[in-house]
Structure formats: structure tokens, C-alpha cells
Amino acid sequence: MSKLGAVVEAVEKHGRFVLEQVSRARSDEKFAQAVADRWNKIQAETPVAKAPTGLALPRLALPEIDEPGEIARYLFGDGLPGEFPYLNGAYREMYLEPLREIETGSYGNKKSSNGHGNSAIGARESRAKAPERPTRPPLQEEPTRLFSGLMLAEDTNKRFHFLSAHQRSKRLSTAFDGPTLYGIDSDADGVFGKIGEGGVAVDTVEDMVRLYDGFEVGAPNFSASMTISGPAPIIMAMYIAAAKRRFGPKVVPNLRGTIQADIFKEIQAQNETIFPTEASLRFLCDMIEWTTANMPRWYPVSISGYHIGEAGATPVQQAAYTLSNGFAYAEMLCARGVPVDQFAPRLSFFLDCGLDVEYIALARVSRKIWAIGMRDVFGANARGQMFKLHTQTSGRSLIAAEFKNNLTRTAAELMLAYMNGTNSCHSNSADEPFTTPSEEWIRLAAHGQAILLEESGIFKHTMNMLRVRKQFSMNSARSNHWAACSRRWRIGINAARSKMRRTVTSSKSMTGPGRSSD
């Protein structure tokens with residue numbers, strides 16, 4: 001049986017296991033009590049935050065259930081955030097503000113609506129020593145990672161500094177121009193009009209130095225993502241060389257970031273390959289094997305469904321291709337003898353998020369399937385089961401006519417992306433249908449994420465708030481996602497088997513009785 005076939009069976013087996021636990025919780029009093037006790041303990045130990053209005057909110061929203069069977073279905077079938085099968089999130093807490101004793105906001109202060117309080121009270125307070133405000137705990141790394149690249153290295157460097165000026169963490173995402181994506185230098189014949197178009201031109205290590213100038217690339221709060229696949233090993237080598245030139249050889253283990261390097265995606269959708277498939281896969285596996293041993297904070301591949309979705313695939317097709325590509329890479333690395341617990345934690349993913357209804361559950365279902373496959377088929381540990389995800393709002397959903405409406409389209413897609421628990425996110429600019437994003441519109445795209453995550457209370461107080469409220473309607477969407485994925489995989493597996501049988505039959509008929517096919 002193929003590894004993909006084994007994944008299909010593992011997911012179906014896990015589904016049967018969940019149903020068994022549900023049935024057991026309804027028939028075995030001792031087990032039912034154990035499930036209820038765990039549920040009560042989870043609820044009792046969930047911290048409570050306060051909104052600026054004073055409203056108490058649990059840090060983790062849980063479905064309002066008390067029947068042991070439904071509790072078992074949630075715990076074993078969905079899992080808490082940060083627990084297998086990671087449906088509700090790869091990590092225990094995401095997007096949340098740190099807990100603090102005193103919440104501040106527009107409500108509950110002592111001033112009246114005109115900004116002036118009681119003068120006598122104010123006089124007494126002014127004579128008393130003002131209490132010290134508690135120190136605000138450090139905030140988590142924000143998930144915003146904006147994709148940028150234009151003209152020459154100096155121009156993109158300026159844009160990087162513009163985008164990250166007010167971010168706690170410097171999370172850069174690099175777009176390369178067409179010649180660079182194909183491994184062609186800017187002085188090659190016939191490429192002059194494409195230099196710096198839709199991305200940055202990088203030909204030399206000196207270009208790479210200028211591209212990230214002014215950023216401490218080995219710092220804990222810095223990471224660089226590079227969207228390039230064909231010449232990815234060369235570009236990554238140039239990045240390492242540039243970092244060593246600026247900060248010395250000891251910086252290499254501290255380098256943090258991602259390089260796309262997804263050859264299967266290029267073959268299936270984007271078509272920016274420069275080497276034959278087998279050679280490209282060998283380069284990729286070489287790079288993964290080296291980086292996982294020498295650059296422990298680096299993701300050497302971003303297994304990408306985004307381009308497959310933008311090329312016309314449905315959300316289900318996007319998930320099916322992306323996951324099968326990931327499992328194929330895992331199979332190749334295992335065949336090389338690379339330990340699964342060495343490479344699996346450094347595999348990352350990249351999905352599209354459009355306006356179609358399937359995007360309500362796309363990333364959540366993908367996270368669950370990946371976890372089951374990596375645990376039950378490849379034997380990965382907990383870190384290797386995590387589906388680390390970057391999401392980008394859909395480019396093909398943007399429309400040039402009345403382009404300002406694209407702000408609303410992108411805002412809706414951002415909501416879906418964060419409902420799905422993405423680890424990082426890029427929001428497209430409204431003017432992208434007809435130009436490289438200008439500073440005005442890319443600033444508004446960044447503000448869309450800041451408003452959603454920092455100004456609104458939708459994500460910063462409580463994990464899973466929106467997902468839990470829609471729990472039962474989403475169960476159907478998740479089930480339909482998995483059924484469609486498994487059908488597509490089975491069709492592919494059966495087609496491969498039929499092709500193999502035809503090849504064997506043809507080979508036997510050509511060799512004839514008593515002859516060898518060697």
C-alpha cells in the first residue's frame with residue numbers, strides 16, 4: 001500500500017476510534033466519569049480575562065456541553081488547542097493578549113463624558129500619590145507577515161523598513177522578480193523589461209546584503225520568508241553568505257525564516273522550474289537534510305496550496321494536493337534515512353484563503369489530517385505532527401473595477417484565516433489587480449490585520465470564540481472536506497494502480513514466454 005493510501009486508512013481509523021470513545025462514554029459509567037472529570041478540570045483551570053468593559057471572558061472558549069459522549073467527541077475528535085489532532089490550533093494560545101490584573105479601556109474610568117470628573121474628588125486625588133500602573137506583560141509575536149518585493153534590493157529594503165517600522169517582530173516576506181525565479185541574471189538577453197517587475201531582482205550576494213540591510217537577521221524577533229522554488233538552494237546559500245558577511249559564521253544556527261522550495265507545486269500550478277523534476281527533488285531533500293541539522297530555526301520548505309488555489313483549484317482540491325505533496329516529501333526524506341523527528345518539525349505550509357464557504361474549515365481539516373498521517377503512518381512525535389501554516393488572502397478574488405471594494409473582500413478573508421488559526425498571514429492590497437502595491441494601499445492592508453487583532457476584541461481575549469459558537473454547523477463542513485479529500489486521493493491511487501497493471505501487462509506481452517525483460 002502507498003503511504004497516501006495508508007494516510008487515508010489512518011484518518012478513517014481515527015474516525016472510528018472517536019466514535020468508539022463516544023459510545024464508550026455513553027455506556028461505561030467509569031469512563032464517562034473520567035471524561036466528565038477531565039472536562040470539569042479543563043474548565044476550572046481555564047484563566048479568565050477581562051474585556052475593557054469589565055466583561056469576564058474565558059481565555060479558551062469551549063462548547064457548552066455536559067453529555068459525556070459529546071465531551072469525548074470534542075476531546076478525541078477535535079482536541080484542545082495545542083493537543084492532538086490540533087483541529088483547534090497548533091498551539092495552546094494564539095493571538096491572545098497577556099493576562100494582566102488591571103484592564104484599561106473606554107469604560108469604567110472616573111471621567112465624565114466631557115472628560116472632566118468631580119473637581120473635589122480630583123483635588124483630593126491630586127494630593128495623593130498616584131498608584132503605579134502595573135507593567136504591561138510582553139506581547140506575543142504578531143502573526144502579520146506582509147509579502148513585498150519591487151525593483152532593486154535597495155527599493156525593497158526601503159519597503160521592508162516601511163512595513164515593519166511599528167511591528168514588535170520583524171517578519172519579512174520576500175517576493176522575487178521573474179528572472180530571479182527562473183535563475184536568470186538581470187544582464188541576460190531579453191529580460192530587461194522584467195527586471196524588478198512584481199518582485200525584487202537578486203543576482204549576487206551583494207544584492208542579498210542590501211536587501212536585508214539594517215535588520216539583525218540573527219535576532220530572535222527577526223525572520224525572513226522567501227517565495228522562490230526553482231533556484232531555492234542557491235538563493236538560500238546567498239542568504240547564508242550575506243548573513244555571515246555581516247555577522248560572522250556564528251549567526252548561521254540563529255537564522256530564522258522560511259524558503260518555499262516546493263517543486264511539486266511548481267509542476268502542478270506555477271511552472272517556475274529550472275531543473276528536471278528528479279534533480280529538483282534531490283536538491284530539495286539535500287537542503288532539508290542540511291538545514292534541519294545546521295539551522296534548527298529555519299523552515300527549508302513551504303508546502304504550498306496557495307498557487308494551486310490561485311491557478312483554479314477548488315478549496316478541497318487545494319487541500320488534497322497540498323497534503324499529498326507534504327506526505328510525498330516526508331516519504332522521500334524517510335527513504336533517505338533522515339529521522340522523521342529531525343525533519344517533520346521543520347515542514348511548513350502555505351494556503352490560500354478566499355471567499356468560498358469551504359474556507360471556513362479548510363485549514364482546520366488540513367491540520368487534523370496532517371497530524372493523524374504524521375503520527376500514525378510516519379511515527380512523528382508531537383512537534384512533527386503540527387501543521388505550521390502561513391495564509392494569504394486570495395489574489396484571484398480581487399477585482400480591478402471599483403477596486404476599493406477589495407478592502408472588504410480582504411477583510412472577510414482575514415476573518416476566515418484567523419478563525420482557522422493560521423500561524424502567520426499576509427493581507428493583499430486593494431490595488432494589486434493592476435499594479436505593484438503602493439505604500440498607501442499596503443499600509444491599509446496591514447491596518448486591516450491590526451484592527452482585527454488589536455482593536456477588536458474578537459481574537460485577543462479568547463481562543464476559539466468564533467469557532468466554538470459555530471461548532472455544530474462547522475462539523476458538517478469538516479466532514480464534507482475530509483470525504484472530498486479522501487475521494488480525490490482514492491481516485492489518484494486507483495489510477496496509479498491501473499497504470500501500473502497496464503505497464504506490467506504490456507511488459508509481459510512484449511517479452512513473451514521464456515524471455516527476459518532485462
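A search of the whole structure, which is a predicted model, finds 20 aromatic pairs. A pair of aromatic rings is described by the distance of the centres and the angle of the planes, and two of the pairs are described here in those terms. In the pair formed by F160 and Y212, the ring centres are 5.9 Å apart and the planes meet at 10°, so the arrangement is stacked. The two partners come from distant parts of the chain: F160 belongs to helix α5 (residues 153–164), whereas Y212 sits in the loop between α7 (205–211) and β5 (222–227), with 52 residues separating them. Both residues can also be placed on the scale of accessibility. F160 has a relative accessibility of 0% and therefore counts as buried, and Y212, with a relative accessible area of 1%, is buried as well.

Y239 and W298 make up another such pair. Here the centres of the rings lie 5.5 Å apart and the planes are at 35°, so this pair is tilted. Because Y239 is found in helix α8 (residues 232–247) and W298 in strand β7 (residues 298–299), the contact ties together parts of the chain that are 59 residues apart in sequence. Again, both partners are shielded by the protein chain: Y239 is buried at 2% relative accessibility, and W298 is buried at 0%.

Aromatic side chains also gather into a group, with F327, F349, W370, F378 and F387 forming one aromatic cluster. One of these residues, F349, returns below as part of a sheet, where F349 in β9 stands opposite I303. Rings meet charges too. The charged end of R24 is placed over the ring of F31, at 3.9 Å from the ring centre. In a similar way, the charged end of R346 sits over the ring of Y299, 4.0 Å from its centre.

Turning to pairs of charged residues, side chains of opposite charge can pair when their charged atoms come close. The structure holds 16 salt bridges. In one of them, the side chains of R26 and E67 meet with an N to O distance of 3.1 Å. This salt bridge links distant parts of the chain, since R26 lies in helix α1 (residues 3–27) and E67 in the loop between β2 (56–58) and α3 (68–78), 41 residues apart. R26 has a relative accessibility of 47%, so this residue counts as partly exposed; E67 is partly exposed too, with a relative accessible area of 28%.

A salt bridge within a helix is found between R73 and E70, whose side chains meet at 3.2 Å, N to O. Both residues lie in helix α3, where they are 3 residues apart, about one turn of the helix. R73 is partly exposed at a relative accessible area of 29%, and E70 is partly exposed at 22%. Taken together, R26, E67, E70 and R73 are linked in a network of salt bridges. Elsewhere, K41 forms a salt bridge with E45, the closest N and O atoms being 3.0 Å apart. Because K41 and E45 are 4 residues apart in helix α2 (residues 29–45), about one helical turn separates them.

The backbone offers a sheet to follow by eye. This open sheet has 4 strands in the order β8-β9-β10-β11, and their pairing is parallel. Its edge strands, β8 (301–304) and β11 (424–426), each pair on one side only. Direction ignored, neighbouring strands of the sheet are turned by 25° against each other on average. Within the sheet, β8 pairs with strand β9 (residues 347–353) in the parallel sense over 4 bridges.

Helix α16 (residues 406–419) allows a simple check of geometry. At 1.5 Å a residue, its 14 residues should span 20 Å, and the C-alpha atoms at its ends are indeed 20 Å apart, so expectation and model agree. Several residues of α16 are buried, including N406, T410, E413 and L414. L416, A417, Y418 and M419 are also among the buried residues of this helix. Following α16 comes G421, which has a positive phi, near 75°.

Technical notes:
Residues are numbered from 1 along each chain as its sequence is written. This is a predicted model: local features need pLDDT of at least 70, side-chain atom pairs count only at pLDDT 80 or more; totals for chains, interfaces and linings use all residues. Side-chain values use heavy atoms; hydrogens and water are left out. Helices (H or I, at least four residues) and strands (E, at least two) are DSSP runs, numbered from the N terminus. The expected span of a helix is 1.5 Å times one less than its number of residues. Buried means under 20% relative accessible area, exposed over 50%, partly exposed in between (1.4 Å probe, protein chains only). Rings of Phe, Tyr and Trp (its six-membered ring) pair if their centres lie within 6.5 Å; planes under 30 degrees apart count as stacked, over 60 as edge-to-face and the rest as tilted. A charge sits over a ring if NZ of Lys or CZ of Arg is within 6 Å of the ring centre and within 35 degrees of the ring normal. A salt bridge is a side-chain nitrogen of Lys or Arg within 4 Å of a carboxyl oxygen of Asp or Glu. Two strands pair if DSSP finds at least two bridges between them. Axes are lines fitted to C-alpha atoms, for helices over the stretch in contact, and angles run from 0 to 180 degrees between N-to-C directions.
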